[in-house]
Amino acid sequence: MESGASFKRFDLHLHAPGEGQYFTMPSGESMPETEEEKQAFARRYVGQARKADLALIAITNHNDTRWIDPLRRAANELYSDELVVLPGLEVAADGGIGSIHVLAIFPEATQVDILERFLDDDLGLTRDKRFTRHGQPHPTKRSFADVVDAIVNRGGLAIAAHVFSTDGLLDSRSNEGLTRKAQFCHNRLLGVHINKGRIDDLNEWQRWVVTNRHQDPDFRRKYPIACLNCSDARKLEDIGICFTYVKCERPGFLALKQALLDHQARLRLMDDPPKMPPYLLKRLEVTHTPSGFLRGLELTFNPRLNCIIGGRGTGKSAIVELLRFLWEQEPLRPTEMRGFVDVFFPETAEATLEVVKKQTSYRLIRRHRAPSTIIERCEPGGTWISVPDLHPSDLFPLDIYGQKEVLYTSEDVRSQLDLLDRLVGDELEQLKQEREQLLIDLRRNRESIV
């Protein structure tokens, strides 16, 4: 299992059947009426979400809470922690001539009674005022800013729905000028739902606004706002067709809130998926030793960023040196690590490092002072076979800097230049080749002119 946080798919704008939801049932099916029909449909609904590989969904019906509990129960019964259902609502704030739609998303354990009081007391949308006689959702008479405040005061998150559509925050006919600027810059509004896959797909004005580069200072927030892709699904097959990647360890409300606050690191739009590195360290283990400082060590690495935290003398540097030892590398100053093997890695010990190179798994195994041996996994889940002619340096380049190397490099210019060559050497070599070719072309051109 992958250690730490990873990017998971969230769809934060979903509708379910009912009055005012514009939900289309599958061909030949009528709206579920009885409890049994509702339970069966709820199971199909969350099943579709898992089929779309979603880890979290938010149920955001217009002015309606009736599907929240059935869908939460179905997800818990069928998928437990694999699918989280957040309770929510889509409400229309008063925008003058038109209205501005807002997503209100609440913690997973929020009771439906709380959402009912939010509609009744905070927005003035009592049951008799939620829908017109034609079944269309009524907007609240509260302003956009008041709705956002009410959501946050109830412990929820406020996201502007389909922000560039006719009833969205940044394209409403009635929401113009200074009012629109103030509403967009509301410090408790944490995100905007954009329909298209990437920010680059937006028009110039839209990009200026959401990236905080608008020439009008009144249109700039303290920090750029989080942009989200959501499906706004109104039929089963549309669930998850549009989603946002959210980096988290466990999907949930707190993970979503943290991602909105730190969106540049924790959010990716659907058409800009996070890329897995071509090479990564996966797992480190020390076995077959009753003694030694690293006995019983088991570490699973995250594919992106890892941080080892511990007090002085707890073995942080020893882990770095063990990686170097497995890779058969010498430190920049070998005398600094004299005796490492005897102190940290006794004669009976065996260390195993699992790595991945372009989706192929390898294990480096080293016993005391013997060279590292490498085995390869034939296919995912397959058997491991020995690769006798392969050395660690043949897999991929691995730069290892322990505490003493960092200090040494900070003081030695030659070491700094070597480090720069490792980081940009290939690019420099490419530039040199291009320069040589340009000089050749110029000489030929000169001769031709002469």
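**Arg-377**

I looked up the contacts of Arg-377 in this predicted model. Leaving aside neighbours within four places in sequence, I found Arg-377 in contact with Thr-360, Ser-361, Gly-382, Thr-383 and Trp-384. Arg-377 belongs to strand E14, residues 373-377. I then took the distance to Arg-363, which is 14 residues away along the chain: the two C-alpha atoms are separated by 8.4 Å. Is Arg-377 buried, exposed or partly exposed? The relative accessibility is 26%, so I put Arg-377 down as partly exposed.

**Positive phi, non-glycine**

I went through backbone angles next. Tyr-22 is not a glycine, yet has a positive phi of about 55 degrees. I located Tyr-22 in the loop between strand E1 (6-14) and H1. Tyr-22 has a relative accessible area of 45% and is therefore partly exposed.

Lys-358 is also listed here, with a positive phi of about 50 degrees although it is not a glycine. The loop that holds Lys-358 runs between strand E12 (350-357) and strand E13 (360-367). Lys-358 counts as exposed because its relative accessibility is 56%, and the cut-off for exposed is over 50%.

Ser-80, just after H2, takes a positive phi of about 50 degrees.

**Helix H2**

That led me to H2 itself. Does the span of this helix, residues 68-79, agree or disagree with 1.5 Å a residue? I expected 16 Å for the 12 residues of H2, and the end C-alpha atoms are 16 Å apart, so the span agrees. I noted the buried residues of H2 as Ile-68, Pro-70, Leu-71, Arg-72, Ala-74 and Ala-75. Arg-72 is one of these buried residues. The buried residues of H2 pack against helix H1 (35-51), strand E2 (54-59), E3 and H3.

**Nonpolar cores**

I moved on to the interior. In soluble globular proteins, nonpolar side chains tend to be buried together. The largest nonpolar core here has 36 residues, and the members that touch the most others are Phe-118, Leu-169 and Val-192. I listed the elements that give two or more residues to this core: strands E3 (84-95), E4 (98-105), E5 (157-160) and E6 (189-193), and helices H3 (112-122), H4 (144-153) and H6 (204-210). Which of them gives the most? H4 does, with 5 residues.

I followed Val-192 further. Not counting residues up to four places away in sequence, Val-192 touches Ile-159, Ala-160, Val-163, Phe-184, Val-210, Ile-225, Ala-226, Cys-227 and Leu-228. Apart from this core I found another, of 29 residues, including Leu-297, Leu-322, Leu-364 and Leu-395.

**Nonpolar surface patch**

I also checked for nonpolar side chains on the surface. One patch of about 620 Å² is made by Val-413, Leu-417, Leu-420, Leu-423, Val-424, Leu-428 and Leu-431. I took Leu-420 as a sample and placed it in helix H13, residues 413-449. Leu-420 is partly exposed, since its relative accessible area is 46%. An α-helix has 3.6 residues a turn, so residues three or four places apart point the same way.

**Salt bridges**

I counted charged pairs last. The structure holds 20 salt bridges. I looked up three.

The side chains of Arg-154 and Asp-122 meet at 2.7 Å, N to O. Arg-154 lies in the loop between H4 and E5 and Asp-122 in helix H3, so this pair ties together parts 32 residues apart in sequence. Arg-154 is partly exposed, with a relative accessible area of 27%, and Asp-122 counts as partly exposed at 22%.

Arg-234 and Asp-232 form a salt bridge at 3.4 Å, N to O. Arg-234 has a relative accessible area of 23% and is partly exposed, whereas Asp-232, at 17%, is buried. The cut-off for buried is under 20%.

Arg-435 and Glu-436 form a salt bridge at 3.7 Å, N to O. Arg-435 counts as exposed at 52% relative accessibility, while Glu-436 is partly exposed at 43%.

Finally I traced shared partners. Glu-116, Asp-120, Arg-127 and Arg-130 are joined into one network by salt bridges that share partners.

Terms used. Residues are numbered from 1 along each chain as its sequence is written. This is a predicted model: local features need pLDDT of at least 70, side-chain atom pairs count only at pLDDT 80 or more; totals for chains, interfaces and linings use all residues. Side-chain values use heavy atoms; hydrogens and water are left out. A nonpolar core is a set of buried Ala, Val, Leu, Ile, Met, Phe, Trp, Tyr and Cys residues joined through side-chain atoms within 4.5 Å. Buried means under 20% relative accessible area, exposed over 50%, partly exposed in between (1.4 Å probe, protein chains only). Helices (H or I, at least four residues) and strands (E, at least two) are DSSP runs, numbered from the N terminus. Contact means heavy atoms within 4.5 Å. Patches are made of residues with over 30% relative accessible area and no salt bridge: like charges are joined within 9 Å, nonpolar side chains (Val, Leu, Ile, Met, Phe, Trp, Tyr) within 5 Å. Accessible areas come from the Shrake-Rupley method with a 1.4 Å probe; for residues, only the protein chains shown count as cover. A salt bridge is a side-chain nitrogen of Lys or Arg within 4 Å of a carboxyl oxygen of Asp or Glu. The expected span of a helix is 1.5 Å times one less than its number of residues.
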